[in-house]
Amino acid sequence: MVNESDVELGDGTALHTYDTGGAGPVVFWHHGTPNIGAPPVPLFAAAERLGLRWVSYDRPGYGGSSPRPGRDVASAASDVERIADALGIERFAVFGHSGGGPHAFACAALSPKRVTAMVCVASLAPYDAEGLDWFAGMGAAGAASLTAAVAGREEKERYEATAEHDAEMFTPADHAALAGDWNWVLDVVGPAVEGGPGALIDDDLAYVAPWGFQPSDVRTPVLHLHGGADRIVPVAHGEWLTRQCATATLRVFPEDGHVSVLRHGEAALEWLAERA
C-alpha cells in the first residue's frame with residue numbers, strides 16, 4: 001500500500017509525495033523524464049524482503065506537485081529535505097533512474113549528512129562534463145530534444161509542440177522489459193505525458209544548465225548501473241560519472257538498454273540495504 005500526501009512549502013506551492021511506510025531504512029526514489037514520482041512497483045517485493053521503505057515525490061510540475069519553471073537540478077536536495085522533515089525521516093538512501101540520476105546526485109552532494117548511499121541507473125552526466133562527447137551514441141530523437149533544450153526555453157517549447165514518440169530509442173531488450181516485468185514504466189509515463197510538456201521542458205532545461213554542484217562533491221557510497229546498449233543515455237555518461245566519484249562503482253550490462261537495465265534493480269537494492 002502506498003500512502004500519498006502533499007507537503008506544503010509555505011509559498012502556496014506543494015510537493016506530492018508517496019510513502020510505502022514501515023520502520024525500516026528509507027530509500028528515496030527519483031523518477032525519470034517524463035514520469036510521475038510513484039515508487040517502482042517491480043521492486044516492491046525486493047524492498048519488503050530487505051526491510052526497506054520507499055518514499056518518493058512528483059518533481060515540480062509533474063502529477064500533483066506545483067510547477068516551478070526555472071528550477072535547477074540542485075533544488076531536488078532541498079525538496080527532499082523538506083519532505084524528509086515532514087515525514088520525520090532523518091537519514092535516507094537515494095535511488096535514481098535516468099533523469100532521476102542527476103537529482104539523486106544533488107541529494108548526495110548537497111545533503112551529505114543525511115544521505116547514506118546512492119544508486120543511479122542510466123543517469124545523465126552534466127552537459128558541461130569535461131572530456132565527454134555528450135551526444136555520442138544517443139538516439140536521434142533524444143539528441144534532437146536535448147539540443148533544443150540547449151538552445152533555450154523558446155526553442156525547447158517549439159520542439160515539444162511537434163515532437164513524436166520514437167520507438168527506436170528503445171532496444172529489443174527494452175521492449176521486452178516494457179512488455180513484461182517493467183510494464184509499470186508505462187503507468188508512470190502516461191499521467192506525466194497527459195499533464196502536458198511543461199515539467200519535461202523544465203527537466204531538460206535543468207539537465208543542460210549548470211547543476212548547482214559537481215558530481216565529484218559526492219562522498220557517500222555510489223553504485224552506477226548502466227546498459228551497454230542504451231540509446232537514450234549512452235553508457236559513456238555512467239563511465240564519466242563513475243570517474244568523478246572516488247566512492248563510486250560501475251556495473252555495465254552490455255546487452256541492456258535504458259529500461260531493461262532496471263531488471264538488475266534487486267541486486268542494487270541489496271547493495272543499498274547493506275549501506276543504509
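**Notebook: helices, pocket, rings and cysteines**

I began with helix α9, whose buried residues pack against α3, β7 (222-227) and β8 (248-253). The model I am reading is a predicted one, and I keep that in mind for every entry below. I then listed which residues of α9 (residues 235-244) are buried, and found V235, H237, G238, W240, L241 and T242.

**Entry on α8**

I asked next how many of the residues of α8 are buried. The count is 10 of the 11, so this helix is largely enclosed by the rest of the structure. I wrote the buried residues of α8 down as A199, L200, I201, D202, D203, D204, L205, A206, Y207 and V208, and I note that D202, D203 and D204 are among them. Looking for what surrounds these side chains, I found that the buried residues of α8 pack against α3 (100-110), α4 and α5. Helix α3 therefore appears in two of my entries, since the buried residues of α9 also pack against α3 and those of α8 do as well.

**Entry on the largest pocket**

I looked up the largest pocket and recorded about 1,000 Å³ of space in it. Its lining is made up of 42 residues, and those that lie nearest its centre are T33, P34, H165, M169 and L200. L200 is a residue I had already listed as buried in α8. I then asked which helices supply at least two residues each of this lining. They include α4 (140-150), α5 (153-162), α6 (172-179), α7 (184-194) and α8 (198-208), and the largest share, six residues, comes from α7. Sorting the lining by class, I noted 23 nonpolar, 13 polar and six charged residues.

**Entry on T33 and P34**

As T33 and P34 lie nearest the centre of the largest pocket along with H165, M169 and L200, I checked the peptide bond that joins T33 and P34, and found that it is cis, with omega about -10°. P34 has its place in the loop between β3 and α1 (44-50).

**Entry on aromatic rings**

I counted the aromatic pairs and arrived at 10. The pair I followed up was W29 with F95, whose ring centres are 5.5 Å apart with the planes at 40°, so I recorded it as tilted. W29 belongs to strand β3 (residues 26-30) and F95 to strand β5 (residues 92-97), so this pair ties together parts that are 66 residues apart in sequence. W29 counts as buried at 2% relative accessibility, and F95 is buried too, with a relative accessible area of 0%.

I next took F95 with W54, where the ring centres are 6.0 Å apart and the planes stand at 65°, so the pair is edge-to-face. W54 sits in strand β4 (residues 53-57) and F95 in strand β5, so here the parts tied together are 41 residues apart in sequence. I confirmed that both W54 and F95 are buried. Taking the rings as a group, I found that W29, W54, F95, W182 and W184 form one aromatic cluster.

**Entry on cysteines**

How many disulfides does a search of the whole structure find? The search gave zero. To see why C120 is unpaired, I looked for the closest cysteine sulfur, which is in C245 at 8.6 Å, too far for a bond. From the other side, C245 is likewise in no disulfide, the nearest cysteine sulfur being that of C120. I also checked exposure, and C120 counts as buried at 1% relative accessibility, while C245 counts as buried at 4%.

**Entry on backbone angles**

Finally I looked at residues with a positive phi that are not glycines. S98 has a positive phi of about 55° and is found in the loop between β5 and α3; with a relative accessible area of 10%, S98 is buried. A122 also has a positive phi of about 55° and is not a glycine. This residue, A122, lies in the loop between β6 (115-121) and α4, and at 0% relative accessibility A122 counts as buried.

Conventions. Residues are numbered from 1 along each chain as its sequence is written. This is a predicted model: local features need pLDDT of at least 70, side-chain atom pairs count only at pLDDT 80 or more; totals for chains, interfaces and linings use all residues. Side-chain values use heavy atoms; hydrogens and water are left out. On a 1 Å grid over the protein atoms alone, a cavity is a set of points where a 1.4 Å probe fits but cannot get out, and a pocket is an open set with protein on both sides within 12 Å along at least five of seven lines; lining residues have an atom within 4 Å of a point. Grid points are joined across faces, edges and corners, and a volume is the space filled by probe spheres set on the points. Helices (H or I, at least four residues) and strands (E, at least two) are DSSP runs, numbered from the N terminus. Ala, Val, Leu, Ile, Met, Phe, Trp, Tyr, Cys and Pro count as nonpolar, Asp, Glu, Lys and Arg as charged, and the others, Gly among them, as polar. Rings of Phe, Tyr and Trp (its six-membered ring) pair if their centres lie within 6.5 Å; planes under 30 degrees apart count as stacked, over 60 as edge-to-face and the rest as tilted. Buried means under 20% relative accessible area, exposed over 50%, partly exposed in between (1.4 Å probe, protein chains only). Contact means heavy atoms within 4.5 Å. A disulfide is a pair of cysteine sulfur atoms within 2.5 Å.
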